[in-house]
Every structure is written in structure tokens, then in C-alpha cells.
Amino acid sequence: MKKLKIGFIGTGSICQGNHLPHYAAMTDVEIYAICDILPDVAKTVAEKYNVKRVFTDYNEMLKLDEIDAVDVCTPNNFHSPAAVASLNAGKHVIVEKPIARTAAEAQVMVDAAHRNKKKLQVAHCIRFQPGNQALKRFVDDGEMGEVYYAKAQATRRRGVPSWGVFTNKEKQGGGPLIDIGVHAMDTTLWLMGHPKPISATGMACTKFGNREGVCNAWGPWDPKTYTVEDFAAGFVRFENGASMVVESSFAANIDHGIFNATLVGTEGGCEMTPVKMFKEKHGVLIDVTPVSLPTVDIYQQEIIAFLNAIRNDTEVLVTGEQCLITAKIIDAIYKSAKTGKEVEIG
Ligand SMILES: NC(=O)c1ccc[n+]([C@@H]2O[C@H](COP(=O)([O-])OP(=O)(O)OC[C@H]3O[C@@H](n4cnc5c(N)ncnc54)[C@H](O)[C@@H]3O)[C@@H](O)[C@H]2O)c1
């Protein structure tokens, strides 16, 4: 089988920790080119993986015709420009989550993928957890009946990222809502079957980010450069009558952090953390708990799925279109938080 040649844009933490090692372990792909705006980072990574083609400008890297696919792991502000440039250069793209900072940025990515007839997969790795894959099969088979309510939660009691650019609004587009809330929302919306959102109302605030000396699981951050929210919540209505609540925080005075997706349906309900279903059978309320789920590396699984979609010319599991819907919801929650009004989603 011909080896797929992969180019990498943004080779920081997630790329080094959770992407590159998986490609390196595969015999049917080649880590072909590396690009990072920090020359030292690019050089170190290139040396580790014995890569000859090293760049600090992705437009230069994209001139390499041999590259089949590009893995984008930059901060969020470059997801859209780097993905669009890659798609326009005829490469398939896997891009880290969130798809982009805004729905407008996401839309141009989706359009570029269509125009160039290339795959665009967003790296929402949580979908690849075997428990979530199992839940999806149950939901799709009608075990929940009509899902009329859902909850997406990604709350941390004290978990402000003290590294990288996660507290920089310009680079990330927002705080916990777009960084971790998006993971919970993606799983929840996927389990729900991506109903069409029609409106959202929400709030977002910064109560800890700009304070000095706040306890934090990951040590101190710089409160002077903190420009994102540290708590956001939203209520979303869908065309099919269902609704979804979203909660996310980097810091909040709560008992403990929660990372969960909850579905409530007429025939059953379910939760992601831990994976469990709630049913009524033969006049008895029962909990259904999977007992022998395999242990997998979800990052490896999403990469394998992306490569398979390229090789077999099949649809990726996490599509740009689906993530565009999530981006529209996030836009609407942030807008509602500013205006204090419910925002329609077109
Ligand atoms: N799926 C997950 O669970 C998960 C976990 C962590 C981060 N992420 C996502 O991964 C992305 C990167 O996060 P990170 O923690 O690796 O950040 P990071 O800051 O450690 O790495 C980003 C790298 O991109 C480089 N870069 C910035 N602009 C660039 C450009 N224009 N061209 C080339 N390189 C550029 C930076 O120099 C840096 O090395 C973010 O979008 C984040 O949301 C996803």
C-alpha cells in the first residue's frame, strides 16, 4: 500500500504528545514535513522524527505536491487559515478542536473542503471512546426514544490552563466554552443526531481569571493577560423541540469538576461519565451499564479513522458540517451573553 505523506502545522503540546507518536507507529504513513512558527520547536520535532522538510511558514510547506494530508494543531486562530490553505492546496485535513474561533471561520473551511473535494475531519477525540461509540449505537437504535433534553457539561473547579494561549481571547476565540465545553457539546450533539439549533441564550463571565493568587490545579496563570471567560452557560433550542443546557468553567466554586453528556428521552436516558443508561423494562426501572469496554487510545483512533476515510473515500466521523453547527451555537451563546437576549441561529 502506498504510504500516505502527512504534513504537520503547529507542532506544540497536542501534536507532540497525542498526534505524532501515533503516525510514527504506523507503517503505512510517513511524517513527511513539519511546520511550526517557532523554528526551535520545528527543528526539535523534525530531529526526533527524522523529518527532512522543516518549515516556519505553512504556505511554503503546502507547495510540496507529495503531501496527501495535513494535520493542523495550531492555536484556534490559525485553524481556519491553515486548514483552508491546505484544502486549497489539494490536501485532506484533520484539524484540532474547536473547528475554529467562529462559525464564519468554520464556514470557509467547510466550503473549501467541498470545493476541493477533500476530507475535513475535526479532532473531537471523545467520540472515539468505546463507551460513547456504544451509547451512539443504543441511541441510534431508538433505545432513548424521543430525546427531548440534553446536558453538555465541562466544568472545572480550579483548572485554568497556565500554559499555552488558552486564556487569550484573540488566539482562542474564548475560554472554557470553546475549549472544553465544545468537547462535551460535540459528544452530546452527536449522540442527539445533530438536530438543527434554532436559538440560544447564555451567559459568560470572568470571576477568577483576572484575580491574583487564586488556587489552581495547574499552578498560577497570568491574571493580567487573561482575556477569556472563566464560566459560561447556555440554553439551546432545536427545531425538533429538543433543548440542551451547556455548562463550562475553568474555575468555579463547585464540589468537583464534571465532564459529561446527558440525554433524556421518552424511552430511556444516558450519561457519558460513567457510561450508563436508564430504562424502564417490564415494570421495573433499570440501569444498563456496559461491563467490558475495550481500552483504546482515542487520539490514535481518530487518526486511524481519518486515514481510513482518505484511503476508502468514505465520510469522516467528525465532519466540518457538524462542527459548524456547534460553532454557531457557541457564537450565539457568546452573543447572548453580551446582549442579554436570546439569539436566533440561522
Ligand atoms: N483534542 C484535545 O483533547 C486537545 C487537547 C489540547 C489541545 N487541543 C487543541 O490543540 C490546539 C493546539 O493546542 P496545544 O496545547 O498543542 O498548543 P501549543 O501552544 O502547545 O502548540 C501550538 C503550536 O502551534 C504553533 N503555531 C502557532 N501558530 C502557527 C502557525 N501560524 N503556523 C505554524 N505553527 C504555528 C506554536 O508555535 C505551537 O508550537 C488547540 O486548538 C487546542 O484547542 C486539543
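How far is a nitrogen atom of the ligand from an N or O atom in the side chain of Glu 96? The gap is 3.0 Å, and the first close-up starts right there. This is a predicted model, in which local features need pLDDT of at least 70, side-chain atom pairs count only at pLDDT 80 or more, and totals for chains, interfaces and linings use all residues. Residues are numbered from 1 along each chain as its sequence is written, and side-chain values use heavy atoms, with hydrogens and water left out.

**View 1. Polar contacts of the ligand.** Besides the Glu 96 pair at 3.0 Å, let's look at two ligand oxygens. A polar backbone atom of Lys 97 lies 2.8 Å from an oxygen atom of the ligand. The side chain of Tyr 299 has an N or O atom 2.9 Å from a ligand oxygen. (A polar contact is a pair of N or O atoms within 3.5 Å; within protein, one must be able to donate a hydrogen and the other to accept it, and residues adjacent in sequence count only if both atoms are side-chain atoms.) On its own the ligand exposes 850 Å², and the protein buries 88% of that. (Accessible areas come from the Shrake-Rupley method with a 1.4 Å probe; for residues, only the protein chains shown count as cover.)

**View 2. The shell around the ligand.** There are 25 residues around the ligand, and Ser 13, Asp 36, Asn 76, His 79 and Lys 97 come nearest. (A residue is near a molecule if one of its heavy atoms lies within 4 Å of it.) Helix H1 (13-24) and helix H8 (176-192) are the elements that give two or more residues to this shell. (Helices, H or I with at least four residues, and strands, E with at least two, are DSSP runs numbered from the N terminus.)

**View 3. Two cis prolines.** Lys 97 turns up again here, as a cis peptide bond with omega of about -10° joins Lys 97 to Pro 98. Pro 98 belongs to the loop between strand E5 (92-96) and helix H5 (103-116). Now hop over to Thr 273: its peptide bond to Pro 274 is cis too, with omega near -15°. You'll find Pro 274 in the loop between strand E12 (268-271) and strand E13 (276-281).

**View 4. Two histidines with positive phi.** His 194 isn't a glycine, yet it has a positive phi of about 50°. It sits in the loop between H8 and strand E8 (197-205), and is buried at 15% relative accessible area. (Buried means under 20% relative accessible area, exposed over 50%, partly exposed in between, using a 1.4 Å probe and protein chains only.) His 282 also has a positive phi of about 50° without being a glycine. Its spot is the loop between E13 and strand E14 (284-288). Is His 282 buried or exposed? At 80% relative accessibility, His 282 is exposed.

**View 5. Cysteines without a bond.** How many disulfides does a search of the whole structure find? Zero. (A disulfide is a pair of cysteine sulfur atoms within 2.5 Å.) For Cys 15, the closest cysteine sulfur is in Cys 73, and at 4.2 Å that is too far for a bond. Cys 270 is in no disulfide either, as the nearest cysteine sulfur, in Cys 125, is 19 Å away. Cys 15 is buried at 0% relative accessibility, and Cys 270 is buried at 1%.
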